[in-house]
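I am opening a notebook on this structure. The entries below follow the order in which I looked things up.

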Amino acid sequence: HEAEIEYDLKRINEISEKTPNICKVSPSEPSVHMADVDKAGGITAIMDELGKKEGLLNKDAKSVSGKTIGEIIEGKSIKDEKIIKPIDKAFSKRGGLRILFGNLAEQGSVVKAAGVTENMKSFEGPARIYESQDDAMAGIMDGEVQPGEVVVIRYEGPKGGPGMQEMLSPTSAIVGQGLSDKVALITDGRFSGGTRGACIGHVSPEAAEGGLIGLLKDGDIIKIDIDAGILEANLDKKIIEMRKKEMKEFKPTVKSKWLKRYSRMVTNASKGAVLE
């Protein structure tokens, strides 16, 4: 944004489509950690392997060291193919990130597809709504969330938070309850790299700006198709319009004058949460 470069989220999908996933690290691959990746050749070995596929790596590009990418990765190679896979034996032909669109995410949402089990890549279930991360944590720990449901945590986006709290706690609680491969989670908040499972963040437009995630009710059916890039609520357009008319204007509950100003001026996650 500061460099005045337009960057459409769809470009992330375009890059993922042609970039194989050749290395998985905990929690996507629980037994593999960064120390293992380092012993297997490290980032330069991953880059060298990806560079074998035409169009993935610009080896003439200069790095901050002044050397080109080609010079940095020269002579590097995979030392353990169990940790870093050769391209022809990749974990998947598609990269680890996926941007989902649909009536629930007209401007996009993000899922770490590499951390999602196959049985959860296509999922449909009733929504269980929580108005904050704290409410969600209490509900999950109290056993409210049932297998087959889609947990919805809203008003945690840039405007609603305000700011975007990191959502590792609810996802960890879901794993702890043995539900990681039985429920999905969507939020207008964000996740860390420690998240695994069908956890979809950065839902835009966010609830605080009138996005559909803010109009959902308990029991609404939500459809997730990660391979197809879809995040949809199974709601008739007339019902959506009716709920929009009933929706009250969002007002930040924070006392800080600065945070109230931030909430009024900030854009959603799809635009990088920059100030207008």
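**Entry 1: a surface patch.** I started with Trp258, which I found in helix 8, spanning residues 257-265. The model I am reading is a predicted one. On the surface, Trp258 belongs to a nonpolar patch together with Leu259, Met265 and Leu275. I noted about 360 Å² of accessible area for the four together.

**Entry 2: the largest pocket.** Next I looked up the pockets. The largest has a volume of about 480 Å³. It is lined by 22 residues, and those closest to its centre are Glu6, Tyr7, Ser270, Lys271 and Gly272. I then asked which elements supply at least two residues each to this lining. They are helix 1 (10-18), strand 1 (97-102), strand 2 (105-112) and strand 6 (199-204). Strand 2 gives the most, with four residues. Sorted by class, I have nine nonpolar, eight polar and five charged residues in the lining of the largest pocket.

**Entry 3: the second largest pocket.** For this one I wrote down a volume of about 410 Å³. Its lining has 21 residues, with Pro20, Asn21, Cys23, Ile46 and Leu50 the closest to the centre. Two or more lining residues come from each of helix 1, helix 2 (34-39) and helix 3 (42-50). Helix 3 gives the most to the lining of the second largest pocket, namely four residues. By class I read 14 nonpolar, six polar and one charged.

**Entry 4: cis peptide bonds.** I looked at the backbone next. Ser26 and Pro27 are joined by a cis peptide bond, with omega about 15°. I placed Pro27 in the loop between helix 1 and helix 2. Another cis peptide bond joins Gly161 and Pro162, where omega is about -15°. Pro162 sits in the loop that runs between strand 4 (150-153) and helix 6 (168-176).

**Entry 5: positive phi.** Glu4 is not a glycine, yet I read a positive phi of about 60° for it. Glu4 lies in the segment before helix 1. Is Glu4 buried or exposed? Its relative accessibility is 75%, so Glu4 counts as exposed, the cut-off being over 50%.

His202, also a residue other than glycine, has a positive phi near 60°. I found His202 in strand 6, one of the strands I had listed for the lining of the largest pocket. How does His202 count at 30% relative accessibility? His202 counts as partly exposed, because 30% falls between the limits of under 20% for buried and over 50% for exposed.

Key: Residues are numbered from 1 along each chain as its sequence is written. This is a predicted model: local features need pLDDT of at least 70, side-chain atom pairs count only at pLDDT 80 or more; totals for chains, interfaces and linings use all residues. Side-chain values use heavy atoms; hydrogens and water are left out. Patches are made of residues with over 30% relative accessible area and no salt bridge: like charges are joined within 9 Å, nonpolar side chains (Val, Leu, Ile, Met, Phe, Trp, Tyr) within 5 Å. Accessible areas come from the Shrake-Rupley method with a 1.4 Å probe; for residues, only the protein chains shown count as cover. A salt bridge is a side-chain nitrogen of Lys or Arg within 4 Å of a carboxyl oxygen of Asp or Glu. On a 1 Å grid over the protein atoms alone, a cavity is a set of points where a 1.4 Å probe fits but cannot get out, and a pocket is an open set with protein on both sides within 12 Å along at least five of seven lines; lining residues have an atom within 4 Å of a point. Grid points are joined across faces, edges and corners, and a volume is the space filled by probe spheres set on the points. Ala, Val, Leu, Ile, Met, Phe, Trp, Tyr, Cys and Pro count as nonpolar, Asp, Glu, Lys and Arg as charged, and the others, Gly among them, as polar. Buried means under 20% relative accessible area, exposed over 50%, partly exposed in between (1.4 Å probe, protein chains only).
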